[in-house]
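Keep the sequence and the 3D view side by side. The text below walks from one part of the chain to the next.

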Amino acid sequence: MSELNYLYGTPLSKADFKTTAEDFMVDEDLGIEFTGSGEHVCLQVVKKGENTQYVAKLLAQKAGISPRDVSYAGMKDRHGVCSQWFSVPVPIKKDIDFTELNSESLFIISQQRHNRKLRTGCHKGNKFTITLRNVTQPLDILCRINAVRAGVPNYFGEQRFGHDGHNLVMAKKMFAGERIRDKKLRGLIISAARSYVFNQIVNLRVAEHGLAKTMHREVFMLSGSNAFFEDAISDENIARLASGDIMMSAPLVGTSEKGLTEQEKIWLEPYKEWCEGLGELGLKNERRMLRLIPQDLAVETVDETTIKLSFGLPKGTFATALLRELVDYTDASPRVHKEKDASNENSAK
């Protein structure tokens with residue numbers, strides 16, 4: 001993401017991110033009221049150092065079902081302490097003690113019956129607590145906090161694109177005719193390609209207009225909905241923007257240019273091959289909000305070189321999109337160190 005434009009200029013401070021699992025804590029806000037009965041058991045799980053799919057596999061083994069039958073609202077980072085909800089189909093007359101799976105890396109907080117399974121994206125959002133260590137210029141971070149409270153570019157995070165952008169490499173091969181049989185992998189690759197194009201449009205808009213300035217015509221999204229409409233700027237629309245009733249957006253390209261402003265068509269021209277490749281897949285044109293506004297952003301100075309941040313974000317957004325506007329961070333998680341060590345070993349051979 002370092003090549004994407006900053007809304008508030010390049011941060012002056014550097015810091016380490018995810019030095020320990022406890023430095024990246026996520027609490028999923030499901031926002032669902034359970035029925036208390038039904039053929040699905042919903043489990044709130046805290047995991048540390050494990051990925052979502054691994055936990056789903058453990059739950060499936062315990063229930064004696066296929067991992068594909070275990071559902072969850074969203075993926076959570078492996079390198080952190082994250083709480084999230086899973087649903088497992090369990091017959092009404094059958095009781096399973098999932099707490100028997102509790103270990104140093106997994107803990108079942110709650111389990112409740114529900115009348116339907118959880119679906120991807122059904123959650124409301126996520127609450128983050130992030131600790132930055134070895135901060136070189138804490139004052140620069142503190143000076144940026146109020147600006148960031150007003151919103152940052154809603155970029156997709158680097159994790160969407162795979163290690164070293166591998167998902168984008170695969171997307172180019174797929175557009176060239178290579179067949180990808182694994183449906184799940186294919187979905188990830190398509191999502192990465194769309195996200196890449198979205199990031200480029202937001203990047204250009206930030207460079208030319210920022211996020212506060214409106215253009216003559218905009219495609220607005222209704223708050224809390226995926227519905228969108230194109231309209232000229234008017235006093236009414238400005239008032240609706242100010243009240244949060246509608247939001248400015250950028251395109252998730254699909255089968256046609258429908259729903260694109262003339263300016264967006266110009267910005268998309270350098271990415272014509274990407275757009276054509278996505279269009280041939282028959283994807284429906286969609287939009288995504290342009291600005292990411294954190295909820296209840298708070299900052300705490302732990303010591304001279306350590307800062308703790310806490311905030312909430314809507315589902316489908318990335319904490320790193322906010323973090324990058326505050327600090328030039330280095331991912332210090334074990335995964336990154338292993339990958340660097342492996343790369344160094346390969347270079348030495």
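How many bridges join strand 9 to strand 11, and in which sense do the two strands run? This is a predicted model. In it, 3 bridges link strand 9, at residues 217-222, with strand 11, at residues 246-252. The two strands run antiparallel. One pair to pick out is Leu222, which sits opposite Ile246 of strand 11. Strands of a sheet pair through backbone hydrogen bonds, either parallel or antiparallel.

Now widen the view to the sheet that holds this pair. The sheet is open and has 4 strands, in the order 10-9-11-12. Its pairing is antiparallel. Strand 10 (228-232) and strand 12 (286-289) are the edge strands, and each of them pairs on one side only. From one strand to the next, the twist averages 55 degrees.

Which helices go with this sheet? Helix 4, residues 183-208, lies across strand 9, strand 11 and strand 12. Helix 4 runs at about 125 degrees to strand 11. Helix 5, residues 235-243, also packs on the sheet. Helix 5 touches strand 9, strand 10 and strand 11. The direction of helix 5 makes about 95 degrees with that of strand 11.

Step back along the chain to helix 3, residues 166-175. Which of its residues are buried? They are Asn167, Leu168, Met170, Ala171 and Met174. Seen down the axis of helix 3, these buried residues fall within an arc of 155 degrees, so they line one face of the helix. The cover over them includes helix 4 and helix 7 (272-279). Helix 4 therefore appears twice in this account: it lies across strands of the sheet, and it helps cover the buried residues of helix 3. After helix 3 comes Gly177, with a positive phi near 115 degrees.

A database record gives this part of the chain a label. UniProt, in an unreviewed entry, places the feature "domain: TRUD" at residues 151-292. Over residues 151-292, the chain is 42% helix and 18% strand. The end C-alpha atoms of that stretch are 5 Å apart.

Next, look at strand 7 and strand 15. Strand 7 (residues 125-133) and strand 15 (residues 306-314) are joined by 8 bridges and run antiparallel. Within this pairing, Phe128 stands opposite Phe311 of strand 15. Strand 15 also pairs with strand 14, again in the antiparallel sense, over 6 bridges. Here Gln295 faces Gly312 of strand 15. Strand 14 and strand 15 form a hairpin, with 2 residues between them.

Strand 14 (residues 295-303) also holds Asp296. The phi of Asp296 is positive, near 55 degrees, and the residue is not a glycine. Most residues other than glycine have a negative phi. Is Asp296 buried or exposed? Its relative accessibility is 72%, so Asp296 counts as exposed.

Turn now to the site named in the record. The unreviewed UniProt entry carries the annotation "active site" at Asp77. Asp77 lies in the loop between strand 4 (71-72) and strand 5 (81-89). With a relative accessible area of 23%, Asp77 is partly exposed. What does Asp77 contact beyond its neighbours within four places in sequence? The contacts are Lys18, Phe24, Lys47, Glu50 and Cys82.

Lys18, one of those contacts, deserves a second look. Lys18 is in the loop between strand 1 (14-17) and strand 2 (24-29). Its phi is near 65 degrees, a positive value in a residue other than glycine. Lys18 has a relative accessible area of 7%, so it is buried.

Last, the cysteines. How many disulfides are there? The count comes to 0. Cys42 is in no disulfide, and its nearest cysteine sulfur is that of Cys122, 8.4 Å away. Why is there no bond from Cys122? Its closest cysteine sulfur, in Cys42, is 8.4 Å away, which is too far for a bond; a disulfide needs the sulfur atoms within 2.5 Å. Cys42 is buried, at 0% relative accessibility. Cys122 is partly exposed, with a relative accessible area of 26%.

Notes
Residues are numbered from 1 along each chain as its sequence is written. This is a predicted model: local features need pLDDT of at least 70, side-chain atom pairs count only at pLDDT 80 or more; totals for chains, interfaces and linings use all residues. Side-chain values use heavy atoms; hydrogens and water are left out. Two strands pair if DSSP finds at least two bridges between them. Axes are lines fitted to C-alpha atoms, for helices over the stretch in contact, and angles run from 0 to 180 degrees between N-to-C directions. Contact means heavy atoms within 4.5 Å. Buried means under 20% relative accessible area, exposed over 50%, partly exposed in between (1.4 Å probe, protein chains only). The arc is that of the directions from the helix axis to the C-beta atoms. UniProt positions are given in the numbering used here, feature names are shortened, and annotations may be inferred rather than shown by experiment.
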